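Me: I would like a close look at a single part of this protein, set out as one connected account that I can follow with the model open beside me. Please take the time to place that part in its surroundings.

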Amino acid sequence: MNILDKFNLNDHVSVVTGAARGLGKAMAEALVQAGSNLVIADIDYEEATKTAKKLMKESGKEVLVVGTDVTKEDSVNNMVDNVVGHFGKIDVLINNAGIVINEKAEEMSIENWYKVIDINLNGVFIVSKAIGKVMIRQKGGSIINVSSMSGIIVNTPQCQSSYNASKAGVIMLTKSLAMEWAKHNVRVNAIAPGYMKTELTKKFFENSGEMVDMWMNSTPMGRPGLPEELGGIALYLASDASSFATGSVFTIDGGYTAL
Ligand SMILES: NC(=O)c1ccc[n+]([C@@H]2O[C@H](COP(=O)([O-])OP(=O)(O)OC[C@H]3O[C@@H](n4cnc5c(N)ncnc54)[C@H](O)[C@@H]3O)[C@@H](O)[C@H]2O)c1
């Protein structure tokens, strides 16, 4: 088979959580461009609907929006039932929904701690469990968890212990699920992006100043990543091009963690 054919996602069904905007939207765009049908599972139904219209128009592929809260098992199970009812299968899952709260550990409320862990880590488990069952039944699938370089290194100078802990948890969950599900031909990998310019980080880049200078001085490429620069790794991991990759963490960070 020609190597380029291995990247083809024609007739695939991909679910991307938090794909209404930002990195999820950019990765979803790469998948539909490669031929996949798409499900946007996002808590922001209105924004998700706008994104779906755009991606459908651009690609001619079917894009379904299912309002979903990844922290609620009922909501996730309902989304999965809808998707399987409509498309009959799920080939690819990108667990991308996530938030950050920058607070000093000694001042952080327990509610905020739970909120970050709930969306960033528990959400990945809840969605993986529901879609993992479908993939096990199908005897195949690819799950891509969006961790962060913050799961490997501690960012400075901002305080974000809950975020860092959640993203480190996602890496270990990725390896654990990869181990459990390899025999079912379900691959599970993680992407660990560095500083990317999205809604999540926009406020920092807009204010620029000393903090952004520190970040960029620690990034050998000297610039933040753009959302579309995750398209290649998302497509690689979603497709047969990565058929022997599982339990791995792919840093895409302009060299930050190589320093
Ligand atoms: N932006 C960066 O620099 C960066 C770097 C490394 C990792 N990441 C990770 O990438 C992912 C996407 O980040 P982004 O910058 O695109 O963020 P973003 O804030 O632009 O988008 C996050 C999306 O997740 C959705 N969402 C939030 N809570 C949800 C919930 N409970 N259920 C379903 N959807 C929910 C939001 O509605 C939004 O569409 C996150 O997991 C983030 O931690 C981002």
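Which helix gives the largest share of the lining of the largest pocket, and how many residues come from that helix?

Reply: The largest share comes from H6, which gives four residues to the lining of the largest pocket. Please keep in mind throughout that this is a predicted model.

It helps to begin with the pocket itself. The largest pocket holds about 840 Å³ of space. It is lined by 40 residues, and those closest to its centre are Asn-96, Ala-97, Gly-98, Ile-99 and Leu-200. Besides H6, the elements that give two or more residues to this lining are helix H1 (22-33), strand E2 (37-42) and helix H5 (161-181). In character, the lining of the largest pocket divides into 18 nonpolar, 16 polar and six charged residues.

One of the residues closest to the pocket centre, Gly-98, also offers a way into the rest of the fold, since its C-alpha lies 8.5 Å from that of Val-146, although the two residues are 48 apart in sequence. Val-146 belongs to strand E5, and with a relative accessibility of 6% Val-146 counts as buried.

Turning back to H6, which spans residues 199-207, the aromatic side chains are the part to examine next. The structure holds five aromatic pairs. In one of them, Phe-204 and Trp-215 meet edge-to-face, with 5.4 Å from centre to centre and 70° between the planes. Because Phe-204 lies in H6 whereas Trp-215 lies in helix H7 (residues 209-217), this pair ties together parts that are eleven residues apart in sequence. Both Phe-204 and Trp-215 are buried.

Trp-215 has a further partner, Phe-205, and this aromatic pair is again edge-to-face, with 5.7 Å between the centres and 75° between the planes. Here too H6 and H7 are linked, Phe-205 being in H6 and Trp-215 in H7, ten residues apart. The accessibility values explain how these two residues are classed: Phe-205 has a relative accessible area of 13% and is therefore buried, and Trp-215, at 1% relative accessibility, counts as buried as well, because the cut-off for buried is under 20% relative accessible area.

These contacts are part of a wider arrangement, for Tyr-195, Phe-204, Phe-205, Trp-215 and Tyr-256 form one aromatic cluster. Phe-205 also has a charged residue at its ring, as Lys-197 lies over the face of Phe-205, at 5.9 Å from the ring centre.

For comparison, it is worth looking at the second largest pocket, which has a volume of about 200 Å³. Its lining consists of His-12, Asp-91, Gln-138, Gly-140, Gly-141, Ser-142, Asn-185, Arg-187, Ala-238, Ser-239, Asp-240 and Ser-243. By class, this lining divides into one nonpolar, eight polar and three charged residues.

Some points of the backbone deserve a careful check while the model is open. Most residues other than glycine have a negative phi, and most peptide bonds are trans. Against that background, Asp-11 has a positive phi of about 70° although it is not a glycine. Asp-11 lies in the segment before strand E1 (13-17), and with a relative accessible area of 63% Asp-11 is exposed. Lys-139 likewise has a positive phi, of about 65°, without being a glycine. Lys-139 is found in the loop between helix H4 (110-138) and E5, and at 64% relative accessibility Lys-139 counts as exposed. Finally, the peptide bond that joins Thr-156 and Pro-157 is cis, with omega at about 5°, and Pro-157 lies in the loop between strand E5 (141-146) and H5.

To set H6 within the whole, the chain has eight helices and seven strands. Its C-alpha trace spans about 50 × 40 × 35 Å along the principal axes. A compact globule of 259 residues would have a radius of gyration near 18 Å, and the chain agrees with this, having 18 Å. Of the 259 residues in the chain, 51% are buried, and Phe-204 and Trp-215 are among the residues classed as buried.

Technical notes: Residues numbered from 1 in each chain as written. Predicted model: local features only at pLDDT ≥ 70, side-chain atom pairs only at ≥ 80, totals over all residues. Heavy atoms only, no water. Phe/Tyr/Trp six-rings, centres within 6.5 Å; stacked < 30°, edge-to-face > 60°. Buried < 20%, exposed > 50% of the residue type's maximum accessible area, 1.4 Å probe, protein only. Lys NZ or Arg CZ within 6 Å of the ring centre and 35° of its normal. 1 Å grid on protein atoms, 1.4 Å probe; cavity = no way out; pocket = protein on both sides within 12 Å on 5 of 7 lines; lining within 4 Å. Points joined across faces, edges and corners; volume = space filled by probe spheres on them. Nonpolar A, V, L, I, M, F, W, Y, C, P; charged D, E, K, R; others polar. Rg over C-alpha atoms; globule rule 2.2 N^0.38 Å.
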